[in-house]
Amino acid sequence: MNELLDILHREFVYLWYYFTLQLRQIFPYWVLGMVLGSAISVFAKDHIHNAFRSLQGKRLGFVGILAASALGIASPLCMYGTIPLAASFSRSGVKDDWLAAFMMSSILLNPQLIVYSGALGGTALTVRILSCFLCGVTAGLLVWLFYRDKSFFDFSGFDGPKNRDTDPNLLVRFLKNLGRNVKATGGYFLVGILLSALFQRYVPAEAMTALFGGNEAFGVLMAATIGVPLYACGGGTIPLLQQWMVDGMSMGSAAAFMLTGPATKITNLGAVKIVLGLRRFGLYLLFVMAFALLTGLVTNWAV
């Protein structure tokens, strides 16, 4: 009995060491992401969305799709907040190809997640921003190419987005928003740290290299595939990704995971399915997997 207790105590000490080590590395990025995301949501969100709305009626062509994808990344809303906003954009005349670019990039990335991803290093951060931006642009181009003369989205029944940042005191408004962000992501963040500690303690680095790094094409495919069930929250997956990359995950595999994860997150899928319908929803999934696989292969070749 004492021997068993000694073993359990030793394993707890190891896990606590890995947990606190990872926490010290990631925690500053999480805090900064929370603060920045809330600041943008309270003080800059309306300016970003008004900038997108102001594009309507202008003959921008391809430039409009580029701008829509960039503004989607800048928007701090989750997908359930983005869809009512996109519905209001659509009613005010914004084209479906611009909406596709805006919504696609908004699913994949936001200012908070950009800050979180800084913990992965400059190369991974650059790859994430560029790949998410290009994914939005590609989605917009495909909608323009194949749905130029017909509707792609169905926003019927959606009202305008509800704004919860309404307190007249700006500081109180910011603190309330920050509290909601911490509540929404804090649990996932700690679970991600714990899973990372478990991987460090019990999964050999050679296994991760063989799965995600050795055979690069297979690694990219596996990363794109596991991104579907494993991704629950952006902040929660950063510790896992950081450890996987230390253990040998290729940059292309990481890029594929960072695309399929948020794009197929269960809450995002539910929201997207509502506005696309079954057939176009299938096309969406096919596009996400194909783009992630191609991005991963190109990244491994280029980086």
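**Notebook: rings, cysteines and contacts in a predicted model**

I began with the aromatic side chains and found Phe 12, Trp 16 and Phe 19 linked by ring pairs into a cluster. I took rings of Phe, Tyr and Trp (its six-membered ring) as paired if their centres lie within 6.5 Å; planes under 30 degrees apart count as stacked, over 60 as edge-to-face and the rest as tilted.

I note that this is a predicted model, in which local features need pLDDT of at least 70 and side-chain atom pairs count only at pLDDT 80 or more, while totals for chains, interfaces and linings use all residues. Residues are numbered from 1 along each chain as its sequence is written, and side-chain values use heavy atoms, with hydrogens and water left out.

**Aromatic pairs**

I searched the whole structure and obtained twelve aromatic pairs. One of them joins Trp 16 and Phe 19: the ring centres are 5.8 Å apart and the planes stand at 15°, so I recorded the pair as stacked. Both residues belong to helix α1 (residues 2–53), where they are three residues apart, about one turn of the helix. Helices in these notes are DSSP runs (H or I, at least four residues), numbered from the N terminus. Phe 19 has a relative accessible area of 15% and is therefore buried. For this term I used under 20% relative accessible area as buried, over 50% as exposed and the range in between as partly exposed (1.4 Å probe, protein chains only).

I then looked up Phe 152 and Phe 153, whose rings form an edge-to-face pair, 4.9 Å centre to centre with 90° between the planes. Phe 152 is buried, at a relative accessible area of 11%. Phe 153 is buried too, at 10%.

**Charges over rings**

I counted a charge as over a ring if NZ of Lys or CZ of Arg is within 6 Å of the ring centre and within 35 degrees of the ring normal. Arg 280 lies over the face of Phe 152, 5.8 Å from the ring centre. Lys 150 lies over the face of Tyr 147, at 5.1 Å from the ring centre.

**Cysteines**

How many disulfides does the count give? With a disulfide taken as a pair of cysteine sulfur atoms within 2.5 Å, I recorded zero disulfides. Cys 132 is in no disulfide, and its nearest cysteine sulfur, that of Cys 135, is 7.1 Å away. Cys 135 is likewise in no disulfide; the nearest cysteine sulfur to it is that of Cys 132. Cys 132 has a relative accessible area of 1% and is therefore buried. Cys 135 counts as buried at 2% relative accessibility.

**Nonpolar patch**

I found a nonpolar surface patch of about 420 Å², made by Val 191, Leu 194, Leu 195, Leu 198 and Tyr 202. Patches are made of residues with over 30% relative accessible area and no salt bridge; like charges are joined within 9 Å, and nonpolar side chains (Val, Leu, Ile, Met, Phe, Trp, Tyr) within 5 Å. A salt bridge here is a side-chain nitrogen of Lys or Arg within 4 Å of a carboxyl oxygen of Asp or Glu. Tyr 202 lies in helix α7 (residues 170–202). Its relative accessible area is 46%, so I entered Tyr 202 as partly exposed.

**Contacts between distant parts of the chain**

Which residues did I look up in relation to Val 42? Leu 175, in helix α7, is 133 residues from Val 42 along the chain, and their C-alpha atoms are separated by 9.7 Å. Leu 175 counts as partly exposed, at 48% relative accessibility. Thr 166 is placed in the loop between α6 (122–146) and α7. Thr 166 and Val 42 are 124 residues apart in sequence and 9.1 Å apart in space, C-alpha to C-alpha. Is Thr 166 buried or exposed? I entered Thr 166 as exposed, with a relative accessible area of 55%.

Ala 263 is found in helix α11 and counts as buried, at 0% relative accessibility. Ala 263 and Leu 109 are 154 residues apart in sequence, with 9.7 Å from C-alpha to C-alpha.

Last, I looked up Asp 247, in the loop between α10 (234–246) and α11 (251–263). Asp 247 is buried, with a relative accessible area of 9%. The C-alpha atoms of Asp 247 and Leu 211 are separated by 10 Å, and the two residues are 36 residues apart along the chain.

Terms used. Accessible areas come from the Shrake-Rupley method with a 1.4 Å probe; for residues, only the protein chains shown count as cover. Helices (H or I, at least four residues) and strands (E, at least two) are DSSP runs, numbered from the N terminus.
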